[in-house]
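Biologist: I am new to this structure and would like to learn how to read its features one at a time. Could we begin with the way helices pack, and then go on to the empty spaces and the backbone?

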Amino acid sequence: MSENEPGPLAGRDVALVHPAWHSCGTYRVVLGQIAAYRALGARVAPIAVSDLPGFAPDRAWRWRCFVAATPELSQGERWFAGPSFCAYLAPRFLREVLWPYLHGDQAIIRAGIAERARFSSKLTTRRFDLVHCNHFFLMPVAQRLAHAGAPILLDTHDLQARQFALMNERAFLLSPRVGYDEMLARELELMRGADLLLHLNAEEYEDFRALLPEKRHALHYPGAPDAPLGPGGADIVLVASNNSANVESVIWFLREVLGRAGAPSVKIVGNVDAGVKAREPALYQSARSCFVGRVEDPAAVYAAARLALLPTISGHGLSIKTVEAMASGLPMIATAHAFRGMRADAAGFANVVIADRAEDFAAALRAAASDSRIPSQEERAASATRRFYEENFSLSSYARRLAALVPPLLHERA
């Protein structure tokens, strides 16, 4: 497609439904989706759906913090949806949604809240050509927006019942506990309402094809925003958001690796600091100087670094922070688990050291910390991870895959 040629989705209206989250991997994926659809010529309407009481769309003051944390979404039209306080007090919600949640049903609480989300009147009457939904639990919102017969693409973002089971391991729940199988059944039921299921990693692609053989599936790596290739600096960085898998991985790094490596100066960037502080306050205090906290521009962190660390020991699905580190072209020390869900031979990347044991990770970090050389922008651009990113996770590669997947769906509904 030439620069002056209209895109294959020119003139089309796309509703892009996503959780009202920021500073996390899902938000980075959403930004990539918006950029790709716009590159294909579509008009995109991002719709943030909150799961917090009182975040109805007409309560603008409640959305101020979210708006401030997501300036990228204000570059075009943006919409909000969420439940009123009254929705949480309705007897049916208390009986059919809240009560199962107290027993651990993470699936029903999310879908039940989305089902009760309110839209503005303008959005209710809007006609869309396509609805792109992120996460199965927002399907009730997507189906309402597709009222004129628009096809629905569902980005699954991993097999969520696994994540929910992991969350429940540390939660205080009433007996009998809701288990993995029950949550998976709810997940699959809502997924059946989509016309095409997009899977962000190879593992979930194979799993869902076996679980829902009657549906159409596509392995569709996310389009992650580009990362600058320099100018570089002295920083050794570990970037992570506050979720249970990241918290567990950072705790492992601080407890098992950092001291063995001679305690080099490492910057731990992102709001994972809050999770570590809550779970291991003494460990957090001992390593407090390492934590930078949330930053507005994660890409700038990689731009000023010479080494990226991915001490990932937990979690399911594709790791967006791994993709972002790959885009930077930096040398990396990582566990094999950091590259889960990718059809890639990470051990074959010349700029990556794979170290799964704490002592091996520490030895690699100790050696890297003693080498103060900063890789040049040319070296980063030519690195194996940067090339893999450009071929599989760049916005241009994501847009090309969308251009192949979406038009046939639109023609089917024409």
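Modeller: Let us start with the words for angles: those under 35 degrees count as roughly parallel, those over 145 as roughly antiparallel, those from 65 to 115 as roughly perpendicular, and the rest as oblique. Please keep in mind that this is a predicted model.

Biologist: How are H5 and H8 placed relative to each other, and at what angle do they pack?

Modeller: In general, two packed helices are described by the angle between their axes and the distance between the axes. Here H5 and H8 pack at an angle of about 115°, and their axes are 9 Å apart. The two helices, H5 and H8, are therefore roughly perpendicular to each other. On the H5 side the residues in contact are Gln106, Ala107 and Arg110, which meet Phe164, Met167 and Asn168 in H8. Sorted by class, this contact of H5 with H8 has three nonpolar, two polar and one charged residues.

Biologist: What changes if I read H4 and H5 in the same manner, and at what angle do their axes cross?

Modeller: For helix H4, residues 91–102, and helix H5, residues 106–115, the axes come within 7 Å and cross at roughly 150°. H4 and H5 are therefore roughly antiparallel to each other, and their crossing is left-handed. In H4 the residues Arg92, Phe93, Glu96, Val97, Pro100 and Tyr101 meet Gln106, Ile108, Ile109, Gly112, Ile113 and Glu115 in H5. By class, the contact of H4 with H5 has seven nonpolar, two polar and three charged residues.

Biologist: Turning to empty space, how many cavities of 30 Å³ or more does a search of the whole structure find?

Modeller: The general idea is that rolling a probe the size of a water molecule over the atoms shows where empty space is left. In this structure the search finds one cavity of 30 Å³ or more, and about 50 Å³ of space lies in the largest cavity. Its lining is made up of Arg28, Pro225, Asp226, Ala227, Pro298, Ala299, Tyr302, Glu324 and Ala327, which divide into six nonpolar, no polar and three charged residues. Helix H14 (298–303) and helix H15 (320–328) each supply at least two residues of this lining, and H14 gives the most, with three residues.

Biologist: And which residues lie nearest the centre of the second largest pocket?

Modeller: The second largest pocket has a volume of about 250 Å³, and of the 14 residues that line it, Arg306, Leu307, Pro331, Ala368 and Asp371 lie nearest its centre. At least two lining residues come from each of strand E11 (305–310), strand E12 (332–334), strand E13 (352–354) and helix H16 (358–370). The classes in the lining of this pocket are 10 nonpolar, one polar and three charged residues.

Biologist: Lastly, I would like to read the backbone: is the peptide bond from Ser175 to Pro176 cis or trans?

Modeller: That bond from Ser175 to Pro176 is cis, with omega near 0°, and Pro176 lies in the loop between helix H8 (160–168) and helix H9 (180–191). Another cis peptide bond joins Gly230 and Pro231, with omega about 15°, and Pro231 is found in the loop between strand E7 (217–219) and strand E8 (235–239).

Biologist: What is phi of His157, and where is His157 placed?

Modeller: Phi of His157 is near 55°, which is a positive value in a residue other than glycine, and His157 has its place in the loop between strand E5 (152–155) and H8.

Technical notes: Residues are numbered from 1 along each chain as its sequence is written. This is a predicted model: local features need pLDDT of at least 70, side-chain atom pairs count only at pLDDT 80 or more; totals for chains, interfaces and linings use all residues. Side-chain values use heavy atoms; hydrogens and water are left out. On a 1 Å grid over the protein atoms alone, a cavity is a set of points where a 1.4 Å probe fits but cannot get out, and a pocket is an open set with protein on both sides within 12 Å along at least five of seven lines; lining residues have an atom within 4 Å of a point. Grid points are joined across faces, edges and corners, and a volume is the space filled by probe spheres set on the points. Helices (H or I, at least four residues) and strands (E, at least two) are DSSP runs, numbered from the N terminus. Ala, Val, Leu, Ile, Met, Phe, Trp, Tyr, Cys and Pro count as nonpolar, Asp, Glu, Lys and Arg as charged, and the others, Gly among them, as polar. Axes are lines fitted to C-alpha atoms, for helices over the stretch in contact, and angles run from 0 to 180 degrees between N-to-C directions. A crossing is left-handed if the near helix is turned anticlockwise from the far one by less than a right angle, and right-handed if clockwise. Contact means heavy atoms within 4.5 Å.
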